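Biologist: Hi! Could you walk me through this model before my practical? I'd like to understand the words as we go.

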Amino acid sequence: MSHHFDTKLAKDEPSINVCDFYLFRGVPGTTVMAMTVNPDVGLSVPDILHTDGLYAFRFDLNGDAREEVAFKFRFNEPRLASNDEHAHVQKFTVRRADGKSIRGDGGDLLLEGETGKVHSESGVRVFVGTTPELFAADASALHAFLHAFYQEHRYHADAFLHRQDFFARRNIMALVLEVPNRLIGNGKIHGWVTTSLYGHAPEVQIQRWGLPLITHIFLSASDQLKDKFNTSSPSEDTALFAQPIAAFIEKMSSYAGSVTDHSAYGKQIAARLCPAMLPYEIGTQAAFDRADFNGRPLGEDVMDVMLTLAGNKPLDDGVAPDRARIRDDFPYFGEPYSKAEQAGVIPEPRPPKK
């Protein structure tokens with residue numbers, strides 16, 4: 001949940017709250033993309049995706065920070081599953097779009113399916129359903145860390161000493177798509193994901209995810225910055241967000257006492273984060289670490305990476321994803337946590353609607 005309730009609409013409708021984006025090599029000759037939504041599904045929200053939602057994976061193939069290829073999901077009305085009075089099933093379609101069909105829900109139909117099942121056709125595999133949460137963070141510690149930064153003007157690394165994973169044993173919903181590389185492109189690509197509302201009116205983008213924790217850490221100064229990020233596109237990032245991101249990093253590294261030229265370091269990392277897209281060399285082993293971003297496999301501890309970049313000082317929040325919940329084969333997310341395993345987990349409080 002590295003982008004967790006970023007916007008008012010995401011708070012009101014968790015099913016269109018983009019939480020995380022993963023991008024990595026699948027079986028030979030394929031690439032896997034996965035988007036997670038619906039935080040704390042099964043405890044505080046139902047396993048339903050928005051019927052007016054447009055869930056899209058977008059890829060820049062030529063370095064202009066605009067998408068040349070997109071993969072889009074649309075969902076029908078849910079029905080109750082026959083074996084569980086609390087579980088739902090929804091039919092969905094997956095389309096590949098380029099050129100004039102990039103906007104809206106147009107494109108070539110790749111596959112139709114139902115949630116909760118793996119579907120395969122012509123080298124394309126898809127799964128949509130409830131999965132274990134594979135993001136880990138000490139959320140209260142991050143809040144305390146940022147409070148010290150903004151209110152006390154200090155680098156409060158000790159905030160992370162109590163090491164409690166707020167997201168442990170929670171479930172989420174994942175949209176997992178594995179496609180032959182030829183359906184994306186060759187060489188280095190840059191990806192991001194969006195959710196939009198697209199019903200009887202023109203498409204309205206609700207949320208965008210390009211790199212983990214951009215809004216929760218680097219644009220945490222105001223809700224206005226977060227809202228602007230979520231409704232904009234990567235091609236606008238340098239103009240709109242490089243300066244506030246650089247300013248945040250300059251102050252953070254100054255409080256940490258980690259660099260001599262705080263301004264230069266802030267600009268250096270802002271240039272790495274803007275445009276906010278996940279780079280990936282098609283066909284290579286994905287890794288997301290402090291030295292380099294190359295896709296993002298399941299199980300990487302991205303919180304530690306981004307905190308360390310922010311202050312130029314190694315910082316470990318003391319918790320990590322449950323890697324035992326990752327499987328080697330499609331859909332790569334393991335079994336969701338059972339009701340017995342979730343005994344004692346308190347449902348996540350919903351943010352108040354404003």
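Modeller: Happy to! Let's begin with exposure: a residue is buried under 20% relative accessible area, exposed over 50%, and partly exposed in between, using a 1.4 Å probe and protein chains only. This is a predicted model, where local features need pLDDT of at least 70 and side-chain atom pairs count only at pLDDT 80 or more, while totals for chains, interfaces and linings use all residues. Residues are numbered from 1 along each chain as its sequence is written, and side-chain values use heavy atoms, leaving out hydrogens and water.

Biologist: Okay, try it on one. Is Pro-314 buried or exposed?

Modeller: Pro-314 has a relative accessible area of 66%, so it counts as exposed. You will find Pro-314 in the segment after α7. Helices (H or I, at least four residues) and strands (E, at least two) are DSSP runs, numbered from the N terminus.

Biologist: What is Pro-314 in contact with, apart from its neighbours within four places in sequence?

Modeller: Arg-290 and Thr-308. Contact here means heavy atoms within 4.5 Å. As for Ile-346, its C-alpha is 31 Å from that of Pro-314 in space, and the two are 32 residues apart in sequence.

Biologist: Let's switch to helices. How do people describe two packed ones?

Modeller: By the angle between their axes and the distance between those axes. The axes are lines fitted to C-alpha atoms, for helices over the stretch in contact, and the angles run from 0 to 180 degrees between N-to-C directions.

Biologist: Got it. What angle do α5 and α6 make?

Modeller: About 135°, and their axes are 7 Å apart. Helix α5 covers residues 237–256 and helix α6 covers residues 262–273. Angles under 35 degrees count as roughly parallel, over 145 as roughly antiparallel, 65 to 115 as roughly perpendicular and the rest as oblique. The α5 and α6 pair is therefore oblique.

Biologist: And which residues of α5 and α6 meet?

Modeller: On the α5 side they include Ala-242, Ile-245 and Ile-249, and on the α6 side Tyr-265, Ile-269 and Leu-273 are among them. Sorted by class, that contact has eight nonpolar, five polar and two charged residues. Ala, Val, Leu, Ile, Met, Phe, Trp, Tyr, Cys and Pro count as nonpolar, Asp, Glu, Lys and Arg as charged, and the others, Gly among them, as polar.

Biologist: How do α5 and α7 pack?

Modeller: Helix α7 (residues 302–311) packs against α5 at about 80°, with the axes 7 Å apart. That angle makes α5 roughly perpendicular to α7. Phe-248, Ile-249, Met-252, Ser-253 and Ala-256 of α5 touch Leu-309, Ala-310 and Gly-311 of α7. In this contact there are six nonpolar and two polar residues, with no charged ones.

Biologist: New topic: how many aromatic pairs are there?

Modeller: Rings of Phe, Tyr and Trp (its six-membered ring) pair if their centres lie within 6.5 Å; planes under 30 degrees apart count as stacked, over 60 as edge-to-face and the rest as tilted. By that rule, the count is 22 aromatic pairs. In one of them, Phe-149 and Tyr-255, the ring centres are 5.4 Å apart and the planes are at 55°, so the pair is tilted. Phe-149 sits in helix α2 (residues 139–152) and Tyr-255 in helix α5, so far along the chain that they are 106 residues apart.

Biologist: Which of the exposure words fit Phe-149 and Tyr-255?

Modeller: Phe-149 is buried at 3%, whereas Tyr-255 is partly exposed at 27%. Then there are Phe-218 and Phe-248: their ring centres are 5.9 Å apart and their planes at 70°, so this pair is edge-to-face. Phe-218 and Phe-248 are both buried. There is also a cluster linked by ring pairs, made of Phe-21, Tyr-55, Phe-57, Phe-73, Phe-75, Phe-92 and Trp-209.

Biologist: Last one, the backbone. What is usual for phi and peptide bonds?

Modeller: Most residues other than glycine have a negative phi, and most peptide bonds are trans. Here, a cis bond joins Cys-274 and Pro-275, with omega about -5°. Pro-275 lies in the loop between α6 and β14 (278–281). Another cis bond joins Phe-330 and Pro-331, with omega about 10°.

Biologist: Where is Tyr-332, and what is its phi?

Modeller: Tyr-332 is in the segment after α7, and its phi is near 75°, a positive value in a residue other than glycine. Tyr-332 is buried, at 7% relative accessible area.
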